[in-house]
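Good morning, and thank you for making time on the agenda. I would like to walk you through one model, beginning with its overall character and then taking its elements in turn.

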Amino acid sequence: MRTGVWLVGARGSVATTSIVGGLALRANLAGPTGCVTELPELRGPALPAFADLVFGGHDVVTTPLAKRAEALAAAGVLPGRLVAALPDELAAVEEELRPAPGGGTQADRAAATSRDLTDFRDRHRLDRVVVVNVSATEPAVRPHPAHADLGALREALSGPDEVLPASSLYAYAALEAGCPYIDFTPSTGARLPALHALAVERGLPYVGHDGKTGETLVKSVLAPMFAMRHLQVRSWSGLNLLGGGDGANLADPAANAAKVESKQRVLGETLGYVPQGDTRIDFVEDLGDFKTAWDLVTFAGFLGTRMRMEFTWHGCDSALAAPLVLDLARLTAAAHAAGRSGPLAELAFFFKDPLGAPTHSLAEQWALLTDFARALHTAWGSADGPAR
């Protein structure tokens, strides 16, 4: 199943790491550590092989992909030997990167984006293209009446107003082009009633939001533990320090607030109440593409005895995120082939603020994900098989 992976923000750290990683896996130059789709519980014939993934994308910056990869290697994010071993492959992907459409109305930009997607699909004779947003976090969307109705949205996009934020305009363009959409960021993306209606109209799946790679991943394990042991969490405070482009973007208060809201939701929805405390995100340029999170949890046990725990998470965001991007592209492509449309709640395992998810518990999300993968592989092996 030849599958295009179209990355919005294709020259950024997460996208570059995803591309280099995908190319290295295809060339058998690296193992799939971090790719959960290669675990026995998920692996199977319904998923496109790494060799079947073809990369392209949009970005507003023009730094050559090979230069971005070299910079990430120098920063310790990528192995330099892989970048040195893949010059021709990186050059081929470079040919598939396009400048983000600009000018005109939002309808004009969406149409240009859709053309880039359909041209990419036709040029490589792909079975499908999955669009993945890994661009900078946006501030929370400003409400607009057209967000609630697809007909009104189509009409409004032809006017002078900026009706949709960039992430949602990409979602609109992707769905209009017949492409499933993944939002790996906390931005609005397809999380609007009009875009849900478009996905259902076109028979397309979508998924998001905000990839779960670090501190919130730990929270999604620990918070259910406290709840299941009937321990009262009195406070939970976190400090996140990060550098790189993501950290610089989150220095903007509006983008920072959108990210914090996404990170905090897991506690209230898991515990059934919101403990005292906040999550704070600070930009520390010297950390580069690495991040450190420190959390302090105070809790009460039997007879009100007070206790506490602390944890520190130090990781490389791009190296944590990239395998999940590849996982999501493979799983979403398989869901599309199987005829799924609308939000894929079964992929909540990958997200801080998942669409349509009944639970924030990582263990319960894992059970949903493995059942989902099993159903996809069973459908693939049936007499008729899914649509290709």
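**Overall character**

Buried residues, meaning those under 20% relative accessible area, make up 53% of the 388 residues in the protein. On that scale, exposed means over 50% and partly exposed is in between, using a 1.4 Å probe and protein chains only. Please bear in mind that this is a predicted model, in which local features need pLDDT of at least 70 and side-chain atom pairs count only at pLDDT 80 or more, while totals for chains, interfaces and linings use all residues. Residues are numbered from 1 along each chain as its sequence is written, and side-chain values use heavy atoms, with hydrogens and water left out.

A compact globule of 388 residues would have a radius of gyration near 21 Å, and the protein agrees, at 21 Å. That radius is taken over C-alpha atoms, and the globule rule is 2.2 Å times the number of residues to the power 0.38. Along the principal axes, the C-alpha atoms fill a box of roughly 65 × 50 × 50 Å. Among contacts with a separation of 6 or more, 77% are between residues 24 or more positions apart; contact here means heavy atoms within 4.5 Å.

The secondary structure comes to 13 helices and 11 strands. Both are DSSP runs numbered from the N terminus: helices are H or I with at least four residues, and strands are E with at least two.

**The sheet of seven strands**

Let me turn to the sheets. One open sheet has 7 strands in the order β3-β2-β1-β4-β5-β6-β11, with parallel pairing. Two strands count as paired if DSSP finds at least two bridges between them. At the edges are β3 (97–99) and β11 (342–343), each of which pairs on one side only. Within this sheet, β1 (residues 3–8) and β4 (residues 128–133) are joined in the parallel sense over 6 bridges, and V5 has V130 of β4 as its bridge partner.

Helix α1 packs on the sheet, where it touches β1 and β2 (53–59), and its direction makes about 165 degrees with that of β2. For such angles, axes are lines fitted to C-alpha atoms, for helices over the stretch in contact, and values run from 0 to 180 degrees between N-to-C directions. Helix α12 (residues 317–337) lies across β1, β2, β4, β5 (181–183) and β6 (205–208), and runs at about 140 degrees to β4.

**Two packed helices**

How are α1 and α2 arranged? Helix α1 (residues 13–26) packs against helix α2 (residues 65–74) at an angle of about 95 degrees, with the axes 10 Å apart. The two are therefore roughly perpendicular to each other, a term that covers 65 to 115 degrees; under 35 counts as roughly parallel, over 145 as roughly antiparallel, and the rest as oblique. From α1, the contact involves S13, T16, T17, I19 and V20, and from α2 it involves L65, R68, A69 and L72. These residues divide into 5 nonpolar, 3 polar and 1 charged. In this scheme, Ala, Val, Leu, Ile, Met, Phe, Trp, Tyr, Cys and Pro are nonpolar, Asp, Glu, Lys and Arg are charged, and the others, Gly among them, are polar.

**The sheet of four strands**

Another open sheet has 4 strands, ordered β8-β7-β9-β10, with mixed pairing. Its edge strands, β8 (279–283) and β10 (306–316), each pair on one side only, and the twist averages 10 degrees from one strand to the next. Strand β7 (residues 232–242) pairs with β8 in the parallel sense over 5 bridges, and N240 stands opposite I281 in β8.

By contrast, β9 and β10 run antiparallel, joined by 11 bridges, with D295 partnered by F311 in β10. They form a hairpin with 5 residues between them, and L303 in the turn has a positive phi of about 65 degrees.

Helix α9 (residues 215–228) lies across β7, β8, β9 (290–300) and β10, at about 155 degrees to β10. Helix α12 lies across β9 and β10 too, running at about 80 degrees to β10.

**Buried positions**

Finally, helix α7 (residues 166–176) has 9 of its 11 residues buried, so it is largely enclosed by the rest of the structure. Just after α7, G178 takes a positive phi of about 80 degrees.

L376 lies in helix α13 (residues 362–380) and is buried, with a relative accessible area of 6%. Leaving aside neighbours within four places in sequence, L376 is in contact with A46, L331, A334, A335 and A338.
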